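Trainee: Please show me this structure. I would like to know what stands behind each term.

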Amino acid sequence: MDVLNQELVLREIPYGSAEYQKMLIFRNLHMRVPLGLSLFDEDLSGEVNDHHIAVYRKGDLIGGCIITPLSSTTARMRQVVIAPEYRNHGIGRMMMLFAEERTAQLGLSRLILDSRLSALSFFEKLGYRKVGSQFMEVGLPHYMMEKRIR
C-alpha cells in the first residue's frame with residue numbers, strides 16, 4: 001500500500017453542505033474546466049437524492065464520486081475523480097471499493113457507470129465490464145460499464 005493511503009479519510013458528505021459546495025468546485029476544476037465546460041452550467045438539482053463520497057488527505061479534498069440509485073437493484077456511479085497529483089497511488093481504487101461498499105449498504109447489487117476511454121483499464125482492473133458500444137459524452141469517447149457488487 002502506498003504511504004499516501006495511510007493518511008486518507010473517506011466519507012459520505014451531505015448534499016447542500018459546505019463540503020458539498022467544495023466538491024462542486026473540485027469536480028468543476030478537474031472534470032469540466034479541462035474540457036472547456038462548466039459544471040455550473042448543468043442542472044445539479046437532481047443531486048439531492050445522490051450519495052456523495054469524498055476523499056480527504058490531511059483535511060484537503062483530493063477526490064470524490066457520486067452514487068445515484070436508479071432502481072431497487074442498480075445505482076449509477078458518476079463524477080469519479082481523483083486530483084491528478086494523487087493518481088496512481090491506489091487512492092482511486094480505495095475510493096471505488098468504499099463506494100461499492102456504500103452501494104451494498106443501500107441494498108443495491110449492481111453498479112453502472114460511463115467510463116471515459118482514458119479510464120477504461122482502471123475500471124476493468126476493478127472488475128467492471130463494458131456494456132454496449134462506444135459513445136460520446138462531454139466531447140469524449142465513453143463506454144458504459146457494469147459490475148455486480150453482491
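Mentor: We will go through the sheet, then a few contacts, then the largest pocket. This is a predicted model: local features need pLDDT of at least 70, side-chain atom pairs count only at pLDDT 80 or more, and totals for chains, interfaces and linings use all residues. Residues are numbered from 1 along each chain as its sequence is written, and side-chain values use heavy atoms, without hydrogens and water.

Trainee: What makes E1 and E6 edge strands?

Mentor: The open sheet has seven strands in the order E1-E2-E3-E4-E5-E7-E6, with mixed pairing. Strands (E, at least two residues) and helices (H or I, at least four) are DSSP runs, numbered from the N terminus. Strand E1 (8-13) and strand E6 (129-137) each pair on one side only.

Trainee: How do you know that E3 and E4 pair?

Mentor: Two strands pair if DSSP finds at least two bridges between them. Six bridges join E3 (residues 60-69) to E4, so they count as paired. They run antiparallel. Ile67 has Met77 in E4 as its bridge partner.

Trainee: Which bridges and partners involve E7?

Mentor: E5 and E7 pair antiparallel over seven bridges. There, Arg116 has His142 in E7 as its bridge partner. E6 and E7 are antiparallel too, over six bridges, and Val131 stands opposite Met144 in E7. E6 and E7 form a hairpin with two residues between them. Val138 in that turn has a positive phi of about 45°.

Trainee: Why is the link between Arg110 and Thr74 called a polar contact?

Mentor: A polar contact is a pair of N or O atoms within 3.5 Å; within protein, one must be able to donate a hydrogen and the other to accept it, and residues adjacent in sequence count only if both atoms are side-chain atoms. The side chains of Arg110 and Thr74 are at 3.3 Å, so the distance fits the cut-off. Arg110 is in strand E5.

Trainee: What makes the largest pocket a pocket and not a cavity?

Mentor: On a 1 Å grid over the protein atoms alone, a cavity is a set of points where a 1.4 Å probe fits but cannot get out. A pocket is an open set with protein on both sides within 12 Å along at least five of seven lines. Lining residues have an atom within 4 Å of a point. The largest pocket is lined by 33 residues, with Val80, Val81, Ala119, Phe122 and Phe123 nearest its centre.

Trainee: Which element gives the largest share of that lining?

Mentor: E4, with seven residues.
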